[in-house]
Each structure stands twice: as structure tokens, then as C-alpha cells.
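The exercises below ask the reader to work from single helices and strands towards the cores of the fold. Please try each task on the displayed model before reading its solution.

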Amino acid sequence: MHNRTMSQAKETKSGFIANDTEIDNSNTPPPGERRFFVRTLTCLIFPPALAAYFIWTNVSYLQSESNTATNVDKPIHNGTYIWWSWFVIGALGLNLSNYSLAGVEAGMLRSDHFQVSESQLAWHTDKSWSTLGAWSIMFRAIANLRTGEKRMLSWPWIMLFGLSVLSWAFVLSGLTMATTAGFVAGHDSGVDVQGMNSTTMNLREPYPLLYQAFQRWGSGAPAQIPGVGAVYTAADSTKLTVSTANNLPADASESIFLAPQASEGPVTGSAWGLLLKYKCTSVHQLSDFTVLNRRVNSTSRAYVQDYNAEEDVTFYYTLEDGASISVMSQMSVRSGAVNRFAFAEIGINPGFDTLAYPNQHALSYSTPTADDSPKYGGLAEEDILEVILWQSNNDRITESPLPVANSIPGLEGEYVDLDKKKMSAIGVRCTSSSTTGNAQLDGLTNTYKGFHRADPDPIAFIGTPRLGIGTPFLLMHGNTTGLSPLLQLVVIYDLDSIVPWHEDLTKSEKFQYQLTSLNPNWFQPLMEAAHVPNRIGPDGEVTYYSKFATAEDLERAILEAYKQYAVQIMFGGQENVENQWNCPDLFTALSWAFLARADPGVPPIMISVVLSIWAVGCVGLGAAYGSRKRYAATFNGYSFSLYCRDKEINQDVIFRLDR
């Protein structure tokens, strides 16, 4: 390095001495020393404050479980401003670190804790530990140590270099985060929504709702909620998640709330809606059923066995507790040309008579008794739906696929097909419950709280059938010609022709079989809802299924039935924006920018750790050495000259050292 002398400009506490006279170490009295509290306070305050700010940012916004929008009553910081602040801090952080540590360096060199040799002192000029060139100096020092040479760097220089390197975390801080679009609670009341309210719920006829649900279910269409498609779960729910917008969950064993839907963006506030639960499980033992385990089986003389290819039938019989079992056959091409024979038994509680005689039972959400008390128990009243499906291949049309998987033991051969082959059975059991009322909605997190029951306005005859009442009829949709007490919901034929009649039947063997449908097309819609693979034959008439339905397929189909009918209950007839009405108790959410973890990006935990170490180092050194008396705020040319005077070091020797 070229030689430098103090005849060149020399720094003072306020500037430079521009004269050509060197300071005489022997004749000039030492100038006074003082403390520099601004730099000391900067070193003690700003590093921990900035580290704490990043840790707060990380914990509040960048963790996966962080969601600042969960509390609608708490002000939400704009994520854009926080993100921008870290780019500003990232640009100024390095300068702030160097500013603080430069004062610490001057104090460290005035301390007796460190013995800095002449060769080591040369590296403290110009704050070389804070520059990119410091890496080259460090590598040279390490290389010298490996060759056995004397250590060329002082401990103060090494510590300052380490903290300077850690301060580069400021440059990376902005790469740990990004902004995402979201919403915060608004304050403007009155939202245009689609869906039923307590006044309009029972103004619709039941049959169109069930028919629309059946059409969508039987075609395999998804059960979609109009508008923004918000499904609300309980605020304290730990199990249920709704992952797909506009769709109901597969498992609603914990209650979900359907409310009127806005066309754009989430809402908050109070709304009236439908609270419901449903759950289905595959059954592999007959004893796991609670209704169908009491079915009339083939060992009973009352068992119906006379089925033929001319006409399919659907009939039911009622058990002693009021539950009923419906039997459906798929043997005739009149019910649909398919390459399968099938039978189904459907057990429901409440029974089929509930629909046949609605004036004597509670079908809807508002069927009060004489004293105006409700006839049903709300969400606590559980409706049961059980299904057994027997299948066999129609060998006259196609070759048989693999056997029915996981069939229920003891049910094989309860039915035989037209070729006298024994048929294997699979089963599913479902439970559901529902009620209506008001709840507080948080559309930011799709949760509800504070539900209390409120029945819709009643009408003279019958309102919308409840979830557990209407859903079974999607599976049993049959002949609907003519009128019935449920406005064409079902036709009851009081025909004795299918009743096995024996004079010697005991009382326990006698059942009143009621024929409800002739040649119903129930099997193909069930397979479509189950998404069983199929193709249409070359004649365009026969549907070929490539495999037998499994218990999982049957479970999927019944769950879809619940979903489709639930959507119709709350939104049937209100699917279009033309049907919107204004709900005064709801508030429109506002678009907002949220701060989130960058993906891909720098792990924020790494920056938190590095900045914490940097802050602790700055505070420790600043507290120990920052307030020491010295000639200047930093180890500048003026301090260097007086340092050499005090230590009786020849400056020319230092500057002639090979750096």
C-alpha cells in the first residue's frame, strides 16, 4: 500500500486539519476526550428495535397459523405498508449497522481489554471490517494462520466483521414476505343476496325442489352453492374443513351453516339460514344397521320373491316403531336398459308413512302443534337413512366383471336375478339432522357463532321437507303421475297383488306392503351420482357399466344426495342474481392487502435468528464500549493519530505495512 503521512488532511472531531504540520507526540498536549452518547444510544436502541420488529412481523404475518383477519373487531394493518417498510429498512439497515459499530470500534480500541499490535492496527483504518474487501482480508488472515504466521487481525476487528456480516440479513428481509389479496370486515350495512329467508322458505312447493335436486343428482352434477359459495363452519370446530369453494364438504358430521349468498366477496353480520349435519359410513355387517337389520328376509313366509322381467316395482312396509323399509327392483328394461340386475332396500326413520300422511307428522321446519310448540327436535333430532344394494351381471348382455367387493356376509342369495344367480350386497348407513335459525357470520374465516333456532313462517298445508325427510326420495324417485298429499311427491297404490298371503301367517309375519311405483328408473341415476364408469352401447340404448359399484361408490352417491337437496332447501328458485334481495343485517367486506410468507422465498426464521444475534452483539458491545471516552466519535484519522501518540507508535511504520 502507498505511504500516507499526517501532513495530509487529518480528521478532527468536526472535520479535517488542512495543514502540513505533523502532530508532535512529545510537545503537543493531548486534547480532551469525551463521550459520544448519540452513537451509543443508536447502538443500544435501534438494533434490538429492528430485530423485534422483524420477529413481530414473522409471528404476526409470516407463520402458517397466522391470520390477522380472524378477529373482525380488530383493526388490520395494511400488509403492503409493512412489506414496503422492510425494503426501506433493508436499504438503511446496513448503514445503521456500520454507523453504530463504527462508534463501538473507537471505544474498543481505547479499552485495555484488547491488545492491538501495530500490524493489526493497520486494518482498523477506513473501517475495513465493514466493506466487501473485508472478506478478502479475512481469507488472507485464515490462510496466514494455516501457515503458522502470527495472527494478522485483532479481536475487535473480527467481532466487528462478524456483526457486519450478520447485518446483511437486512438485504434478505424483504425476500421473506409477499402481499396477498384478501378482505377485511366492512362497516356498510345492507347486502344484496341470493337464498331463502324465514318468510320465503315455505312459499315453494316441495315437489319442484325434490325434482330439481333429483335431476342434478342423477346426472352426476356437483352440488354448487350460488354466489360466492360460502359454507360456514362452527368457530370452535377442530375437524371440519371446506376446501372447495361453492361445494359442500363430504363429511359434515360437525354442523355447517348455509346462509344467503352475496354475489361478490365475503360478508359479516347476522343472517338467517339452515344449520345441518350429515354423515355416511360403509357397512360390512348386517348388525351395524339399526333399521335394515330388522328387514323381512328370505326365511320369512312374508318375504316377496315373485319378480319378473316384465315389470319392476317399488314398495315399502312399516316396522313397529314407525321406521319403514322400501324395496326396489331393477330387472326390466322398462326401468332402464343396463347390463346389471339390481335390488335395493332403503330403511328410513322416520318412515315412509311420514310422507304419505303429512298432516300427522312434522315434515318441514315449521309444523307447529296446537300449542305452537315445534313437532321436531331441531338439530338434536337425527334422521336415519340406510341402503343395501344387491348387484349381479346380466350375462345376456355382457360378460361378468370381477365379483362385488367387500360384500355383506349373510345377504348373498337374498335376491336372485333372472338367471337364478345369487346376488351380492353392499351397504351404507347415514344420519342427518337440520334446523333453521339466526347466526353471526364471519365471512373472512367462513365461520359462524351464536346460533339460535328460529323456524320459518308456516303455511296452511305443508312447507319445505327437512333434509332427512327429502333426501331419501332422491334415491327412491319413482312414478309421480297423479296427485298425492305431497303434491305429486309419491303415489301410493294400495294393491294386495304383491302381498304374500298365507292364512297361517303369525301376527309378527304379517306386513302391509304398499306399492309406491312401477318401473322406476332408480339404478342409473344412482350409478351416475356414484360416478361408476360406463359407456353407451353401439345401439345407443344400453348402458354398460365396467364394474360393480363398491360400498365407497354407494356412500359417495348418497352424500351427493344430501348435498344436492341441502342446496335446494336454501337456494332452490333463487339461483339467479335477478332473485336477489337486500339483507340489512349483513356487511360487505372490503378488499385488503395481507402480508404472507413468500413462496418461494427466504425462510423468515433464519432472518429472525440472524437479526437477533446481530442485535444482541450490537447491544453488548455498545453497552461495554460505546460510552467510553475517546477523541472522536469514530476511529477516524484524527483518532488514529492521537492513538498512535498515546501508544507511542510510529505512524509511518504502520502505513508502510504490506496490506
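**Exercise 1. Which residues of helix α4 are buried, and what do they pack against?**

Step 1. In α4, the buried residues (buried meaning under 20% relative accessible area, exposed over 50%, and partly exposed in between, with a 1.4 Å probe and protein chains only) are Ala 134, Ile 137, Met 138 and Ala 141.

Step 2. Seen down the axis of α4, these buried residues fall within an arc of 100 degrees, the arc being that of the directions from the helix axis to the C-beta atoms, so they line one face of the helix. An α-helix has 3.6 residues a turn, so residues three or four places apart point the same way.

Step 3. The face turned away from the buried side of α4 carries the exposed residues Phe 139 and Arg 146, while the buried residues pack against α5 (155-166), contact meaning heavy atoms within 4.5 Å.

Step 4. The length can be checked as well: helix α4 has 14 residues (133-146) and, at 1.5 Å a residue, should span 20 Å, which agrees with the 20 Å between its end C-alpha atoms; the expected span is 1.5 Å times one less than the number of residues.

The model is predicted, so local features need pLDDT of at least 70 and side-chain atom pairs count only at pLDDT 80 or more, whereas totals for chains, interfaces and linings use all residues. Residues are numbered from 1 along each chain as its sequence is written, and side-chain values use heavy atoms, with hydrogens and water left out.

**Exercise 2. Is strand β12 buried or exposed, and which strands pair with it?**

Step 1. Helices (H or I, at least four residues) and strands (E, at least two) are DSSP runs, numbered from the N terminus. For strand β12 (residues 383-393), 11 of the 11 residues are buried, so the strand is largely enclosed by the rest of the structure.

Step 2. Both sides of the strand take part: Asp 383, Leu 385, Val 387, Leu 389, Gln 391 and Asn 393 point one way from β12, Ile 384, Glu 386, Ile 388, Trp 390 and Ser 392 point the other way, and all are buried.

Step 3. Two strands pair if DSSP finds at least two bridges between them. Strand β11 (residues 340-349) pairs with β12 in the antiparallel sense over 10 bridges, and Ile 348 stands opposite Leu 385 in β12.

Step 4. Strand β13 (residues 424-442) also pairs with β12 in the antiparallel sense, over 9 bridges, with Glu 386 opposite Arg 429 in β13.

**Exercise 3. Which helix gives the most to the largest nonpolar core?**

Step 1. A nonpolar core is a set of buried Ala, Val, Leu, Ile, Met, Phe, Trp, Tyr and Cys residues joined through side-chain atoms within 4.5 Å. The largest has 64 residues, and those with the most contacts inside it are Leu 248, Leu 258, Tyr 278, Leu 389, Leu 467 and Ile 558.

Step 2. Helix α12 (residues 551-571) gives the most to this core, with 13 residues.

Step 3. Leaving aside its neighbours within four places in sequence, Ile 558 is in contact with Cys 280, Leu 385, Val 387, Val 428, Cys 430 and Leu 475.

Step 4. Apart from this core lies another, of 47 residues, among them Ala 51, Ile 89, Leu 153 and Ala 169.

**Exercise 4. What covers the buried residues of helix α11?**

Step 1. Helix α11 (residues 523-530) is mostly covered, with 7 of its 8 residues buried, and these are Phe 523, Gln 524, Pro 525, Leu 526, Met 527, Ala 529 and Ala 530.

Step 2. The cover includes α7 (206-218), β10 (324-330), β11, β12, β17 (543-545) and α12.

Step 3. Just after α11, His 531 takes a positive phi of about 60 degrees.

**Exercise 5. Where does Tyr 316 lie, and which strand pairs with β15?**

Step 1. Tyr 316 has its place in strand β9 and is buried, with a relative accessible area of 2%.

Step 2. The C-alpha atoms of Tyr 316 and Ser 326, 10 residues apart along the chain, are separated by 4.0 Å.

Step 3. Strand β9 (residues 313-318) pairs with β15 in the antiparallel sense over 4 bridges, and Thr 314 stands opposite Ser 517 in β15.

Step 4. Of the 5 residues of strand β15 (residues 514-518), 4 are buried, so β15 is largely enclosed by the rest of the structure.
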